[in-house]
Amino acid sequence: MPEISEREQWGSKLGFILAAAGSAIGLGSIWRFPYITGQYGGAAFVLVYTLLVFSIGISLMMAEIVIGRRGKLNAVGSFKALGGGAWSIVGWLGVIAAFIILSYYGVIGGWTIAYFIKSFTGLTSHSSSGQIAKTFEIFVSNAGSVIFYQVLFMAATIFVVYNGVGGGIERLCKICMPALFILMLILILRSVTLPGASKGLSFFLKPDFTKITGEVLLAALGQAFFSLSLGIGAMIIYGSYLPEDSNIPSSSAQICFLTLLISIMAGLIIFPSLFAFNMEPAAGAGLTFITLPVVFAKMPAGFLWSALFFVLFFFAALTSSVSLLEVVASYFIDNFGWKRSRATLVLGIIITIAGIPSALSQGAVPINLFGKSFLDAADFFASNLLMPLGGFFISLFLGWKIHNIAKEEINNLSENSFPLTKTWLFILQYIAPICIAIIFISGLRS
Ligand code: TRP
């Protein structure tokens with residue numbers, strides 16, 4: 001086991017927030033959030049999702065960071081160090097979940113590269129939304145090209161993790177996230193001023209409460225976990241690199257706020273234009289990729305906007321995928337003494353291979369499981385089952401097993417103690433486990 005004092009730390013306080021926000025903000029906000037919102041009926045889903053982010057989500061994020069900063073190891077090791085052997089099963093669950101998520105994350109990450117290149121080869125010169133949707137269908141039916149781009153994306157992910165977690169990610173986030181933010185603001189302006197955009201705005205912002213069912217609740221819970229990178233120990237790892245004098249509640253609040261902001265911004269780009277062009281909100285996993293080019297096509301020099309967007313989207317996805325590979329790799333590094341280079345290469349390649357059925361399942365070869373495409377089934381299993389389950393145990397662990405340590409750890413800044421300590425612990429002891437259990441059961445029943 002490595003010496004605690006040897007563990008590297010984040011370059012700066014901002015570095016941690018950027019890297020953690022970089023892990024959170026990615027395909028989850030820009031690809032998954034709009035398409036799940038479209039499938040589960042719009043504004044009511046958005047409302048439930050927002051409530052979950054600022055109750056269970058933020059509390060669990062603080063819990064994971066506390067566990068990591070105190071345990072100073074990856075999820076499995078931190079659980080073992082703080083709670084004893086049996087708890088490390090929760091960490092294990094996370095390693096498996098990260099493996100599954102990254103397998104299809106790489107597929108969608110590959111799509112962002114492909115669409116960057118397509119920007120220069122006529123993607124935005126199509127005048128009708130039908131043709132742009134067709135471009136997507138043709139692309140995902142071509143086995144060779146989807147796998148090619150998936151491999152490219154995974155190679156980039158492996159490259160970053162191979163070179164260590166600190167510097168690279170921090171630097172990448174510092175440039176790309178503000179750029180992405182500004183570009184998305186411009187795209188919102190374009191989208192909401194399209195004729196017919198208002199129908200999309202009301203779909204996205206005016207809740208119809210009758211649409212809230214157990215299934216919708218579970219989907220919102222899964223999205224909250226997915227988008228905030230919770231439930232599988234990713235934030236435990238990031239916390240383990242965190243210096244003692246960092247303010248965990250305020251960092252967590254900032255990360256949750258930024259993630260929600262980018263998700264809402266993505267919705268404000270996609271839904272107005274979707275309705276302006278009479279497209280289908282429940283189009284599924286391709287939604288972002290068939291809607292955005294339509295917006296770019298309505299802008300002067302559309303191909304440039306398109307290229308710029310997809311390049312930043314790619315980097316946003318990359319800063320998330322590296323945290324997923326880090327969860328799997330750091331387990332092998334900390335527990336089996338593997339070298340970082342070996343862990344990232346071997347595991348990265350295995351995960352890439354495991355992602356091939358997902359890559360093919362979107363059109364090239366009909367691979368289905370439980371009535372869903374392979375990719376959707378893997379996503380459902382990881383986001384709606386494994387991650388909430390992980391969150392359930394993490395909240396119990398912090399709320400009951402180590403609540404004294406947690407109290408100390410969250411209040412270790414002498415100048416300002418955390419005024420909501422009791423509320424936070426109450427949420428983790430009762431609210432989070434009970435809500436997760438109820439949502440879980442009602443969602444799986446419906
Ligand atoms: N949150 C990321 C996204 O929205 C995905 C992700 C990265 C993730 N690391 C994670 C999800 C750890 C769960 C756990 O794109």
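Is the crossing of helix 3 and helix 18 left-handed or right-handed?

**Entry 1: the model.** I worked on a predicted model, in which local features need pLDDT of at least 70 and side-chain atom pairs count only at pLDDT 80 or more, while totals for chains, interfaces and linings use all residues. Residues are numbered from 1 along each chain as its sequence is written, and side-chain values use heavy atoms, with hydrogens and water left out.

**Entry 2: helix 3 and helix 18.** I took helices as DSSP runs (H or I, at least four residues), numbered from the N terminus. I found the crossing of helix 3 with helix 18 to be left-handed, that is, the near helix is turned anticlockwise from the far one by less than a right angle, clockwise being right-handed. Helix 3 spans residues 43-71 and helix 18 residues 421-445; their axes lie 10 Å apart at an angle of about 120°. Axes are lines fitted to C-alpha atoms over the stretch in contact, and angles run from 0 to 180 degrees between N-to-C directions. Helix 3 and helix 18 are therefore oblique to each other; angles under 35 degrees count as roughly parallel, over 145 as roughly antiparallel, 65 to 115 as roughly perpendicular and the rest as oblique. I listed the residues in contact (heavy atoms within 4.5 Å): among them, Leu52, Ile56 and Met62 of helix 3 meet residues of helix 18 that include Trp424, Leu428 and Ile439. This contact has 13 nonpolar, 2 polar and no charged residues. Ala, Val, Leu, Ile, Met, Phe, Trp, Tyr, Cys and Pro count as nonpolar, Asp, Glu, Lys and Arg as charged, and the others, Gly among them, as polar.

**Entry 3: helix 7 and helix 14.** I found the axes of helix 7 (residues 143-162) and helix 14 (residues 302-336) within 9 Å, crossing at roughly 60°. Helix 7 is therefore oblique to helix 14, and the crossing is right-handed. Phe153 and Thr157 are among the helix 7 residues that meet helix 14, where the partners include Phe314 and Glu326. By class, I noted 10 nonpolar, 2 polar and 1 charged residues in the contact of helix 7 with helix 14.

**Entry 4: the ligand.** I looked up the 15 residues around the ligand, of which Ala24, Gly28, Tyr105, Phe226 and Ser323 come nearest; a residue is near if one of its heavy atoms lies within 4 Å. For polar contacts I used pairs of N or O atoms within 3.5 Å. A polar backbone atom of Ala24 is 2.8 Å from an oxygen atom of the ligand. A side-chain N or O atom of Ser229 lies 2.9 Å from a ligand nitrogen atom.

Notes. Helix = DSSP H or I, 4+ residues; strand = E, 2+ residues; numbered from the N terminus. Polar contact = N/O pair within 3.5 Å; in protein donor to acceptor, adjacent residues only side chain to side chain.
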